[in-house]
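Have the sequence and the 3D view open side by side. The paragraphs below go from strand pairing to the loops and then to the ligand.

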Amino acid sequence: MSTLSTKHLLGIEQLTRADIELIFETADNFKTIINRPIKKVPSLRDVTIANIFFENSTRTRVSFELAEKRLSADTVNFSSSSSSVSKGETLIDTVNNILSMKVDMVVMRHPAPGAAMFLAEHVDAQVVNAGDGTHEHPTQALLDAYSMREKFGSLEGKNVIIVGDILHSRVALSNILCLRKLGAKVKVCGPPTLIPKYIEELGVEVEYDLDKALQWCDVANMLRIQLERQDIKYFPSLREYQMQYGLTTNRLERIGKEITIMHPGPINRGVEISSEVADSTNSIILEQVENGVAVRMAVLYLLAGQANVDE
Ligand code: CP
């Protein structure tokens, strides 16, 4: 198979294992290209992409923009703070106005879960979800799994622990779905108040003790506490959280085994992860960021090939 089964990238939920493997194989080629002196290919020369971000972003936004430039697409960038959204315009009106300027694809980050799917149902363009509230962040999960595949060859049978604020994390949900599709075993770890009630229905186990979780895993993906999404107090203090769930050199030395350390960023150094661990040789945090460009190039390139498919 050399095409995706979908016209949009709304979430990992809609992707098959074959889709994910095709994205990875395509990303392998793009990774080779972006490490050459001439990093650009003409693949999306006739495609115009709008990056519309209704929430803050550093990595995802820059990574999509670079991926689009490397593919020679025309791009337009738009953020809610500098737009007429602040004057009361609806999401559909905003996007339809942009589309009437002959835009082919929309990459959108939005605080509302389901916003990407809503948009795909209501506008005549391909939609890429760059994070929709607490729902999904599919390209983050793809670049995370791609980075693990690069390290281990295959994810089949690998043990991955996702630690932190699972309740508010779109990265956690997309990672769980992606890793399970690729044959990895997943556990989540964090304070009981930050673990969703029915998480086991996704085929993951819950481990509240970080030391036990680390004993079990090959990979620890550390998430930040999403204070901006928390309207009540879920744990007594950041200091207490750090003591129970922070990844430190002391803790890793006590565990006494090699664990690959990941983090989607932004990092809160000294809370979920110490600087020493984040910058250690077992950390692949910057490799994740590097791989994000190749993975997003693959996603955009493959989706462009599906532009005329009816769904
Ligand atoms: N990982 C991630 O989504 O980072 P940004 O919020 O900076 O895009």
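Val 107 has Val 128, in strand E4, as its bridge partner. The model in which this pair is found is a predicted one. The pair belongs to a longer contact: strand E3, residues 105-110, is joined to E4 by five bridges, and the two strands run parallel.

E3 and E4 are part of an open sheet of four strands, ordered E2-E1-E3-E4, with parallel pairing. At its edges are E2 and E4, the latter covering 126-132, and each of these pairs on one side only. On average, neighbouring strands of the sheet are turned by 15 degrees against each other, direction ignored. When following any one strand, it helps to recall that side chains in a regular strand alternate between the two faces of the sheet.

Now move to the other end of the strand order. Strand E1 (residues 48-53) and strand E2 (residues 74-79) run parallel and are joined by six bridges. One place to look is Ala 50, whose bridge partner in E2 is Val 76. How do E1 and E2 fit together with helix H2? With H2, which spans residues 59-70, they make a right-handed β-α-β unit.

Between H2 and E2 there is a loop, and Ser 72 is found in it. Its backbone deserves a check: phi of Ser 72 is near 70 degrees, a positive value in a residue other than glycine.

A second loop, between strand E9 (260-262) and helix H10 (275-278), holds Pro 266. The peptide bond that joins Gly 265 and Pro 266 is cis, with omega at about -10 degrees.

Gly 265 leads on to the ligand, as it is one of the residues around it. The others in this shell are Ser 57, Thr 58, Arg 59, Thr 60, Arg 109, His 137, Gln 140 and Pro 264. Sorted by class, the shell has six polar residues, two charged and one nonpolar.

Which atoms of Thr 60, Gln 140 and Pro 264 face the ligand in polar pairs? For Thr 60, an N or O atom of the side chain is 2.6 Å from an oxygen atom of the ligand. Gln 140 also uses its side chain, with a polar atom 3.0 Å from a ligand nitrogen atom. In Pro 264 the atom is a polar one of the backbone, 2.8 Å from a nitrogen atom of the ligand. On its own the ligand has 250 Å² of accessible area, and the protein covers 91% of this.

Note on methods. Residues numbered from 1 in each chain as written. Predicted model: local features only at pLDDT ≥ 70, side-chain atom pairs only at ≥ 80, totals over all residues. Heavy atoms only, no water. Pairing = 2+ DSSP bridges. Right-handed = clockwise from strand over helix to strand, strands pointing away. Near = heavy atom within 4 Å. Polar contact = N/O pair within 3.5 Å; in protein donor to acceptor, adjacent residues only side chain to side chain. Areas by Shrake-Rupley, 256 points an atom, 1.4 Å probe, with all protein chains shown as cover. Nonpolar A, V, L, I, M, F, W, Y, C, P; charged D, E, K, R; others polar. Axes fitted to C-alpha atoms, helices over the stretch in contact; angles between N-to-C directions.
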